[in-house]
Amino acid sequence: MIKLTDVSKTYRKQTALKNISLTLPIGKIVGIVGENGSGKSTLLKLIAGLSLPTSGQVTVNGETVNRRISKIVSYLSELDSFYSMYTVKEAIDYKASQFTDFNYTKAEEIMKFMQLDSDKKIKNLSKGNRGRLKIVLALARDVPYILMDEPLSGLDPIVRDSIVKGMISFVDLESQTLIMTTHEIKEIEPILDCFIAVRDGLIIRMADVEQLHESEGLGITEWMKKSYMSS
Amino acid sequence: MDEFNTSKPIYLQLADRINRQIVSKELKAGDKLPSVRDMGIKYSVNPNTIQRTYSELEREGILVTRRGQGTFVTEQEGRLVKQRENLKHEQIQLFVQVMQEMGYSTNEIISGLQDYLNKFDKGDEKRD
């Protein structure tokens, strides 16, 4: 379980998150939505241990989060973080050398599913295939929590669909939770169990997506338009 | 790509699709359905949602899950015949409601429907 208790994060004088509390169990696909600069990525980094709270507490499976939490949390950054002279296979080998839980067999299955050529150099990959490779690296670890910062951003519809299908195929909902920030709500909504809406450093809504459809007859985008316009 | 309507839970929209496939005989009594994950991939939907669809249809007696084997359309033909009637009734109810809201009389509705079907049978009118 991921647990945030009264967490605030301030960068110099700017407050990124204010008194956030939430808990997330295993077995869910969770979307974090909100405008640019709302605090979505900060929230993800706090869970990944890449950023420490100014006040409050973040725990994952009962452990207070710091850099070492990466042993049970896989994190995919919005930026490309691999060396461009590597081949796809070398990037995978490098990741495997960093994390003992890296599952080679699974990595190969995902690469096959995404039709990635392992001998290609990263600098020669299309943007779409770099996006796919990042997904392979993040999903191939046998860890309970997988975090992705904007996994679909800037990719074409075909690539986005193959990534969405890859998530469904390779996240094991018996033992894993996937949390991602996204603006591509239309594509992600059908695969979400729940969503967290962040605005100006506050969580303004956290709800079961199907519950929103059922009780309010709204999708996430419609709900956002409605509540953002009225405030 | 299959799109879902956000004004209704996805699990119920998927249940509607499966029901229609059964009524149209695309899925027959005793047929095996894809696993929850394969169905999720097919429709780009969360496997937890598919599980909910299957559970709902099981509760209604349309599907049965056999441990270790998977999920199947029930072999109880009687239940499927009843479902066929239910769906027909639902569609007619929707149609009649809209017609009545616009002020058509019972006679107008019946004769209009009869005319339409007569033409349709002769092939004058195209199905859309």
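**View 1. A salt bridge between R59(B) and E56(B) in a predicted model.** In this predicted model, R59(B) and E56(B) form a salt bridge with their closest N and O atoms 2.9 Å apart, where a salt bridge is a side-chain nitrogen of Lys or Arg within 4 Å of a carboxyl oxygen of Asp or Glu. Both residues belong to helix α3 (residues 47-59) of chain B and stand 3 residues apart, about one turn of the helix; helices (H or I, at least four residues) and strands (E, at least two) are DSSP runs, numbered from the N terminus. An α-helix has 3.6 residues a turn, so residues three or four places apart point the same way. R59(B) is exposed, with a relative accessible area of 62%, whereas E56(B) is buried at 15%; buried means under 20% relative accessible area, exposed over 50%, and partly exposed in between (1.4 Å probe, protein chains only).

**View 2. A salt bridge within helix α5 of chain A**. D161(A) and K165(A) form a salt bridge, their closest N and O atoms being 3.9 Å apart, and both lie in helix α5 (residues 157-170) of chain A, 4 residues apart. D161(A) counts as partly exposed because its relative accessibility is 22%, while K165(A), at 16%, counts as buried.

**View 3. A salt bridge between two loops of chain A**. The side chains of D101(A) and R141(A) meet in a salt bridge of 2.7 Å, N to O. This pair links distant parts of the chain, since D101(A) is in the loop between α2 and α3 of chain A and R141(A) is in the loop between α4 and β7 (145-149) of chain A, 40 residues apart. Both D101(A) and R141(A) are buried.

**View 4. The buried side of helix α2 of chain A**. In helix α2 (residues 88-98) of chain A, the buried residues are V88(A), A91(A), I92(A), K95(A) and A96(A). They cover an arc of only 135° around the axis, which puts them on the same side of α2(A); the arc is that of the directions from the helix axis to the C-beta atoms. Among the elements covering these buried residues are α3 (104-113) and α4 (127-139) of chain A, with contact meaning heavy atoms within 4.5 Å.

**Notes on the model.** Residues are numbered from 1 along each chain as its sequence is written, and chains are lettered from A and ligands numbered from 1 in the order in which they are written. Local features need pLDDT of at least 70, side-chain atom pairs count only at pLDDT 80 or more, and totals for chains, interfaces and linings use all residues, while side-chain values use heavy atoms, with hydrogens and water left out.
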